[in-house]
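Q: Please take me closely through one helix and what surrounds it. Then show me how the rest of the chain is put together.

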Amino acid sequence: MAVNLVNVEAVSKVYGTRALLDGVSLGVSEGDRIGVVGRNGDGKTTLIRLLAKLEDPDSGRVTQSGGLRTGVLTQHDSLDPEATVRHEVIGDLADHEWAGNAKIRDVLTGLFGGLDLPGFPQGLDTVIAPLSGGERRRIALAKLLIAEQDLIILDEPTNHLDVEGIAWLAGHLQARRSALVCVTHDRWFLDQVCTRMWDVQRGAVYEYEGGYSDYVFARAERERIAATEEAKRQNLMRKELAWLRRGAPARTSKPRYRIEAANELIADVPPPRDTSELMKFANARLGKTVFDLEDVSIQAGPKTLLKHLTWQLGPGDRIGLVGVNGAGKTSLLRALADAAASQGETQPAAGRVVVGKTVRLAYLSQDVTELPGTLRVLEAVQQIRDRVDLGKGREMTAGQLCEQFGFAKEKQWTPVSDLSGGERRRLQVLRLLMDEPNVLFLDEPTNDLDIETLTQLEDLLDGWPGSMVVISHDRFFIERTTDRTFALLGDSTLRMLPRGIDEYLERRRAMIESAAPAPAAPVAKAKSAGDTRAAQKELARIERRLDKITDHETRLHAQIAENATDFEKVGGLDAELRALLTEREELELRWLELAEDS
């Protein structure tokens with residue numbers, strides 16, 4: 001039987017006039033892997049600080065088992081700024097001792113990319129004081145994971161980690177025997193690591209079995225039942241009122257209610273996006289050209305990030321962009337944004353960027369735009385415009401869009417200076433969308449956003465007709481909002497990944513295992529620059545043709561369904577479909593050959 005590590009009994013915690021936790025009772029046992037979710041400000045961090053005994057409850061009690069070894073990653077580290085990374089992470093272990101320890105090697109490689117800490121100026125001997133918040137956070141996480149713990153408590157551990165780092169951390173925590181309580185908005189990570197969920201809402205904590213996907217199903221069912229009960233209560237009130245007016249009891253049949261299985265909850269839910277409809281609308285808004293890159297090279301100071309890039313972002317394209325830090329993801333977006341802002345006048349170091357005449361670009365950067373602190377939320381949105389056209393006859397007022405993004409009516413009159421970091425990020429996204437762009441660049445849009453806000457943003461983007469490029473370490477968000485994935489692997493090229501982020505992680509593992517620098521592959525092939533450019537142009541042509549084939553397939557399937565009783569017509573459509581599938585297979589084979597050689 002699992003031993004109880006921490007017990008929380010009837011705990012309440014109040015800040016100002018707001019009860020973040022109200023009479024909460026729960027426990028953490030050996031082997032538990034608990035994910036904590038909820039809106040920003042609803043008490044997630046307060047709950048785990050109480051578990052870790054970093055704060056005391058106003059009432060109730062928190063008890064820990066005797067001799068419990070607890071490791072806690074908080075939002076703010078307690079590292080000694082004058083110390084080196086070596087002192088904080090490895091302590092006084094001699095080089096042969098820590099280098100011979102498989103766990104230490106795994107943690108250093110997984111979080112920093114190598115035992116010599118590439119990216120840190122003096123490696124392990126780098127002093128902590130001048131390092132960025134993200135670098136300090138990785139150091140604090142490494143220090144925690146190297147130690148032996150019975151219970152690990154993590155507050156947003158995936159912040160400042162890239163896709164590879166998050167995948168490594170998930171695998172590492174799966175292999176550990178320690179119990180885990182983790183606050184994070186990374187839904188892929190929750191699904192990989194957690195076997196129970198705590199949902200913090202309005203002072204209460206609701207418990208669910210399973211990971212994030214199981215939690216979504218279970219919460220939807222709980223809310224469906226609650227809505228049904230409320231509808232039943234309201235119905236009874238209406239009947240009672242009718243009885244009183246008529247002076248006689250109403251004769252009614254008792255309604256029957258049934259609990260639906262999780263799969264039945266989503267049985268009639270259509271796909272998130274009507275791709276054909278959005279593409280049609282995007283073409284109408286954007287024309288044929290959005291961004292065409294011809295033999296482009298992009299530099300950051302003396303470093304060349306991308307060489308001889310020929311690529312096209314077309315109308316309605318939804319692209320996820322992943323890659324190693326420093327490979328040029330943000331630099332690529334900035335180069336395109338500069339070209340758009342100058343209507344093609346500003347060009348990269350080499351090559352040419354052609355910008356469509358109708359492009360209206362909105363660029364969400366990682367830096368939160370500062371607004372006057374006295375400005376109210378609604379005023380900040382109305383500064384852009386009062387109403388926004390969402391396409392297909394749908395329209396929203398500034399106030400309605402604010403509500404969809406979690407700014408309730410009373411919150412819309414809050415001064416910007418009183419907003420949290422996550423709320424300011426939400427406001428920044430809102431202002432961008434209110435400007436009715438037809439091209440969106442989103443650079444780490446999930447930073448500081450809670451899961452509920454993320455799902456609202458995803459829902460809004462589902463019906464947004466335009467071209468979009470998303471840079472994010474949030475794998476769930478990329479896979480949910482985009483249709484194709486491209487990667488910068490650090491070898492100055494941009495590659496399409498037919499199998500998405502799984503393929504990216506495989507390629508990165510292969511590069512690391514081969515211990516060869518990323519640029520070595522093209523040099524070893526001894527190919528001329530002309531050959532490389534020709535291959536990249538052919539790759540781009542194939543990708544465009546594959547997109548057209550996908551659209552054509554969708555139309556053919558629809559026509560076959562419409563003409564199901566006309567066997568002659570269905571036969572002709574089926575033959576056309578088979579020819580398309582054959583062409584697709586040939587093109588994909590050719591694409592793979594070119595991708596391997598490039």
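A: **A capped helix and its surroundings**

Start at the N-terminal end of helix H4, which is capped by Asn-101: one of its side-chain oxygens lies 2.9 Å from the backbone nitrogen of Lys-103. Keep in mind that this is a predicted model.

H4 covers residues 102-112. Which of its residues are buried? They are Ile-104, Val-107, Leu-108, Gly-110, Leu-111 and Phe-112. A general rule helps in reading such a list. An α-helix makes a turn every 3.6 residues, so residues three or four places apart point the same way.

What do the buried residues of H4 pack against? Their partners are four helices: H2 (85-89), H3 (95-99), H5 (133-146) and H6 (163-175). After H4 comes Gly-113, with a positive phi near 85 degrees.

Now go back towards the start of the chain. An open sheet there has three strands in the order E2-E1-E4, and the pairing is antiparallel. Strand E2 (18-29) and strand E4 (59-64) are the edge strands; each has a single partner, so one side of each has no neighbour in the sheet. Neighbouring strands are turned against each other by 15 degrees on average, direction ignored.

Look at one pair in detail. Strand E1 (residues 4-15) is joined to E2 by eight bridges, in the antiparallel sense. One residue to find is Lys-13, whose bridge partner in E2 is Leu-21. A helix goes with this sheet too. Helix H1 (residues 44-51) lies across E1, E2 and E4, at about 130 degrees to E1.

Another open sheet comes later in the chain. Its three strands stand in the order E11-E10-E13, again with antiparallel pairing. Here strand E11 (303-313) and E13 are at the edges; each has a single partner strand, so one side of each is left without a neighbour in the sheet. The twist averages 30 degrees from one strand to the next.

Strand E10 (residues 291-300) and E11 run antiparallel and are joined by seven bridges. Within E11, Thr-304 stands opposite Gln-299. Helix H11 lies across E10, E11 and E13 and runs at about 120 degrees to E10.

Follow H11 (329-341) to its end. Ser-342 sits in the loop that leads from H11 to strand E13 (350-355). Is Ser-342 buried or exposed? Its relative accessibility is 18%, so it counts as buried, the limit being under 20%. The Ser-342 side chain has polar company. One of its polar atoms lies 3.0 Å from the backbone oxygen of Asp-338. The backbone oxygen of Ala-339 lies 3.4 Å from a polar atom of that side chain.

Last, the nonpolar interior. The largest nonpolar core has 86 residues, and Phe-291, Leu-293, Trp-311, Leu-427 and Tyr-504 touch the most other members. Why does this core lie between two domains? Domain 1 (291-515) and domain 2 (532-597) both contribute residues to the core, so it lies between them. Take Phe-291 as an example. Leaving out residues up to four places away in sequence, Phe-291 touches, among others, Trp-311, Leu-336, Ala-340, Val-353 and Phe-441. Another core, of 44 residues, lies apart from this one and includes Trp-98, Leu-169, Met-197 and Tyr-212.

Terms used
Residues numbered from 1 in each chain as written. Predicted model: local features only at pLDDT ≥ 70, side-chain atom pairs only at ≥ 80, totals over all residues. Heavy atoms only, no water. Helix = DSSP H or I, 4+ residues; strand = E, 2+ residues; numbered from the N terminus. Buried < 20%, exposed > 50% of the residue type's maximum accessible area, 1.4 Å probe, protein only. Polar contact = N/O pair within 3.5 Å; in protein donor to acceptor, adjacent residues only side chain to side chain. Core = buried A, V, L, I, M, F, W, Y, C linked by side-chain atoms within 4.5 Å. Domains from an automatic or database assignment. Contact = heavy atoms within 4.5 Å. Pairing = 2+ DSSP bridges. Axes fitted to C-alpha atoms, helices over the stretch in contact; angles between N-to-C directions.
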